[in-house]
Amino acid sequence: MGFVKAGLFLFLGLMGPVCCAQPDFTRAKAVTPAPADPAIMRALSTIEPSRIDQTIQALVRFGTRNSLSSMEHDLPPGTGVDAAADWIAAQFEQISSACGGCLDVRRDTFIADGASGGPWAGRVPKPTRMTNIYAILRGSDPEQAGRMVLVTGHYDSRNTNVLDARGTAPGANDDASGVAVSLECARALSKLHFPATLVFVAVAGEEQGLIGSAHLAHLAKEHGWQLEAVLNNDIVGGNTTPGDMVQLKDRVRVFSEGVPVAATPGTGTPHSRSRRRERLAQPPACTRHG
Ligand SMILES: [Zn+2]
């Protein structure tokens, strides 16, 4: 599971969950790594692969985490997406207890209604309760605490039939691995003090059409979150689908905005926020197997 540690800061993009598109590696350009921050390196050294494995196994044991399972009333106890949500929230609370209550653990619960005519309407056949879970680690500098960085993954899962609310859908790589990154980041980084605010997130509804992330984006806008980056982790370590040959498990794939058409050499673009984060996402600890 070293790849999860290695990929702690994987997949940069503003509220844009990334799942299955294959990158064009022939157009990739090397970037100069930022110097490693000693405090963050120490935090990374506290990551235990066995705990990541336990997180993934625990999420798999919920049988299915299909978002539609929240509306099933006779699931076996301890299965389904709501049970998984409770477990994730409890993990964040436990992490918070270990840092003197430093995390503000919250639930963003809402009803997704296919009748609203969203592009995902066909994947939500009836009004369905969904819950995002997030934990806020407030910045220690009042001047900078408004700046926010999100680390997110989706905890819902699916099997071949995205409408199957009851059948087994373990979702170990897709995306218990990303939830493990959110939890491990919370565990490791809550021991440090950062001037800006970090938010550790597990969203629902991704497989039904990115619904949880979209709802969280609205919430962020409503609350005036000053988002500087969203680190979205989906299928950490790569897609292990048999026959899929395009795998680079020791690389971080960073998605940031393209060069504006009007850009000229030496102007703005290289200094844009996401371009700077592109460089920051390349410390040695994040690009090697841990
Ligand atoms: Zn996914």
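1. Two residues are taken to be in contact when their C-beta atoms, placed from the backbone, lie within 7 Å. On that criterion, and in what is a predicted model, F200 is in contact with F92, Y134, A135, V151, S182, C185 and A186, once its neighbours within four places in sequence are left aside.

2. As to the overall architecture, the protein contains 9 helices and 5 strands, which follow one another from the N terminus in the order α-α-α-α-β-β-β-α-β-α-α-β-α-α. Of its 290 residues, 38% are buried, and among contacts with a separation of 6 or more, 79% are between residues 24 or more positions apart.

3. F200 belongs to strand β4, which covers residues 197-203. Because 7 of the 7 residues of this strand are buried, β4 is largely enclosed by the rest of the structure. In a regular strand the side chains alternate between the two faces of the sheet. In β4 both faces are covered, with T197, V199, V201 and V203 buried on one side, and L198, F200 and A202 buried on the other.

4. The pairing of β4 deserves attention, since two strands are joined to it in opposite senses. Strand β2 (residues 128-137) runs antiparallel to β4 and is joined to it by 5 bridges, one of the pairs being Y134 with V201. Strand β3 (residues 147-154), by contrast, pairs with β4 in the parallel sense over 7 bridges, and here V149 stands opposite L198.

5. Together with helix α5, the strands β3 and β4 make a right-handed β-α-β unit. The helix, at residues 172-189, has 18 residues and reaches 24 Å from its first C-alpha to its last, which is close to the 26 Å expected at 1.5 Å a residue. Since 16 of these 18 residues are buried, α5 is largely enclosed by the rest of the structure.

6. The largest nonpolar core has 50 residues, of which F92, A186, F200 and V201 touch the most other members. Helix α5 gives the most to this core, with 9 residues. Two of these names recur in the contact list of F200, where F92 and A186 both appear.

7. A residue to be read separately is E228, which is found in strand β5 (residues 226-232). With 17 other C-beta atoms within 10 Å, E228 is partly exposed, because a residue counts as buried only at 20 or more such atoms and as exposed at 12 or fewer. The C-alpha atoms of E228 and A196 are separated by 9.8 Å, although the two residues are 32 apart along the chain.

Definitions and conventions
Residues numbered from 1 in each chain as written. Predicted model: local features only at pLDDT ≥ 70, side-chain atom pairs only at ≥ 80, totals over all residues. Helix = DSSP H or I, 4+ residues; strand = E, 2+ residues; numbered from the N terminus. Core = buried A, V, L, I, M, F, W, Y, C linked by C-beta atoms within 7 Å. Expected span 1.5 Å × (residues − 1). Pairing = 2+ DSSP bridges. Right-handed = clockwise from strand over helix to strand, strands pointing away.
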